[in-house]
Amino acid sequence: MTTTIPNVKTMSRQWVLIDATDQILGRLASRIAMILRGKTKVTYTPFLDTGDFVVVINVEKIAVTGQKLAQKTYERYSGYPGGLRSRTLEQVLAVQPKRVLYEAVKGMMPDGPLGRRLLGKLK
């Protein structure tokens, strides 16, 4: 028996449209990560980009469970002393709702060049 490796150049990519209205953040992010990685296809290969493009609409209407709106924080650091900035999930959703979903999906992607290429297919 021989193992066949899919040819990424000739692989067909589809566009998947997802409506985020009233969907739970983590479950939606894991579903998107599976599609981006290509795990929903029979030609899945862990070290190749075999996934589809994903377009998400109505991200501002996403649902979260429990007390996450007040307790979950997003932090960024400028690299300077005293440069740590943190915002709650509620504040980030008010200003940049797509950033919340992007960060959730990014945490489910592999590190390195493959993960960055896969995240480029999330619109």
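This is a short walk through one predicted model, from the overall layout to the pocket.

Let's start with the whole chain. There are 123 residues, and 32% of them count as buried. Along its principal axes, the C-alpha trace spans about 55 × 35 × 20 Å. The secondary structure comes to five helices and four strands. What order do the elements run in, starting from the N terminus? The order is β-α-β-α-β-β-α-α-α. Keep that string in mind as we go.

First stop, the parallel pair. Strand 1 covers residues 15–19, and strand 2 joins it through five bridges. The two strands run parallel. For one pairing to find on screen, take V16: its bridge partner in strand 2 is V54. How does the chain get from strand 1 to strand 2? The path goes through helix 1, residues 25–37. That makes a β-α-β crossover, and the crossover is right-handed.

Now look at strand 2 by itself, residues 53–57. In a regular strand, side chains alternate between the two faces of the sheet. Here, V54 and V56 make up the covered face. F53, V55 and I57 make up the uncovered one. So when you turn the model, look for V54 and V56 on one side and F53, V55 and I57 on the other.

Next, the loops around these strands. D22 sits in the loop between strand 1 and helix 1. Its phi is near 60 degrees, a positive value in a residue other than glycine. Is D22 buried or exposed? D22 has 65% relative accessibility, and exposed means over 50%, so D22 counts as exposed.

N58 also has a positive phi, about 60 degrees, and N58 is not a glycine either. N58 lies in the loop between strand 2 and helix 2, which covers 68–71. Its relative accessibility is 25%. The partly exposed range runs between 20% and 50%, so N58 counts as partly exposed.

One more loop residue: G51. G51 is in the loop between helix 1 and strand 2. With a relative accessible area of 0%, G51 is buried, because the cut-off is under 20%. G51 and L17 are 34 residues apart along the chain, and their C-alpha atoms are separated by 14 Å.

On to the core. In soluble globular proteins, nonpolar side chains tend to be buried together. In this model, the largest nonpolar core has 25 residues. Which of them touch the most other members? They are I32, V54, V56, L101 and V105. Note V54 and V56 again: these are the covered-face residues of strand 2. Several elements each supply at least two residues of this core: helix 1, strand 2, helix 3 (89–95), helix 4 and helix 5 (113–119). Helix 1 gives the most, with seven residues.

A29 is a good place to look within helix 1. Its relative accessibility is 0%, so A29 counts as buried. Across from there, check L101. The C-alpha atoms of A29 and L101 are separated by 6.6 Å, though the two residues are 72 apart along the chain.

Now the second pair of strands. Strand 3 and strand 4 pair in the antiparallel sense, over five bridges. They form a hairpin with six residues between them. In the turn, G79 has a positive phi of about 100 degrees. For a pairing to check, Y74 has R87 as its bridge partner in strand 4.

A little further on is Q91, in helix 3. At 41% relative accessibility, Q91 counts as partly exposed. Q91 and Y77 are 14 residues apart in sequence and 17 Å apart in space, C-alpha to C-alpha.

Last stop, the largest pocket. Rolling a probe the size of a water molecule over the atoms shows where empty space is left. About 220 Å³ of space lies in this pocket. Which elements give two or more residues to its lining? Strand 3 (73–77), strand 4 (84–88) and helix 4 (97–106) do. The full lining is Y74, E75, R76, R85, S86, R87, V92, Q96, R99 and E103. By type, these residues divide into two nonpolar, two polar and six charged. Y74 and R87, the bridge partners from the hairpin, are both in that lining.

Technical notes. Residues are numbered from 1 along each chain as its sequence is written. This is a predicted model: local features need pLDDT of at least 70, side-chain atom pairs count only at pLDDT 80 or more; totals for chains, interfaces and linings use all residues. Side-chain values use heavy atoms; hydrogens and water are left out. On a 1 Å grid over the protein atoms alone, a cavity is a set of points where a 1.4 Å probe fits but cannot get out, and a pocket is an open set with protein on both sides within 12 Å along at least five of seven lines; lining residues have an atom within 4 Å of a point. Grid points are joined across faces, edges and corners, and a volume is the space filled by probe spheres set on the points. Ala, Val, Leu, Ile, Met, Phe, Trp, Tyr, Cys and Pro count as nonpolar, Asp, Glu, Lys and Arg as charged, and the others, Gly among them, as polar. Buried means under 20% relative accessible area, exposed over 50%, partly exposed in between (1.4 Å probe, protein chains only). Two strands pair if DSSP finds at least two bridges between them. A crossover is right-handed if, with the strands pointing away from the viewer, the path from the first strand over the helix to the second runs clockwise. A nonpolar core is a set of buried Ala, Val, Leu, Ile, Met, Phe, Trp, Tyr and Cys residues joined through side-chain atoms within 4.5 Å.
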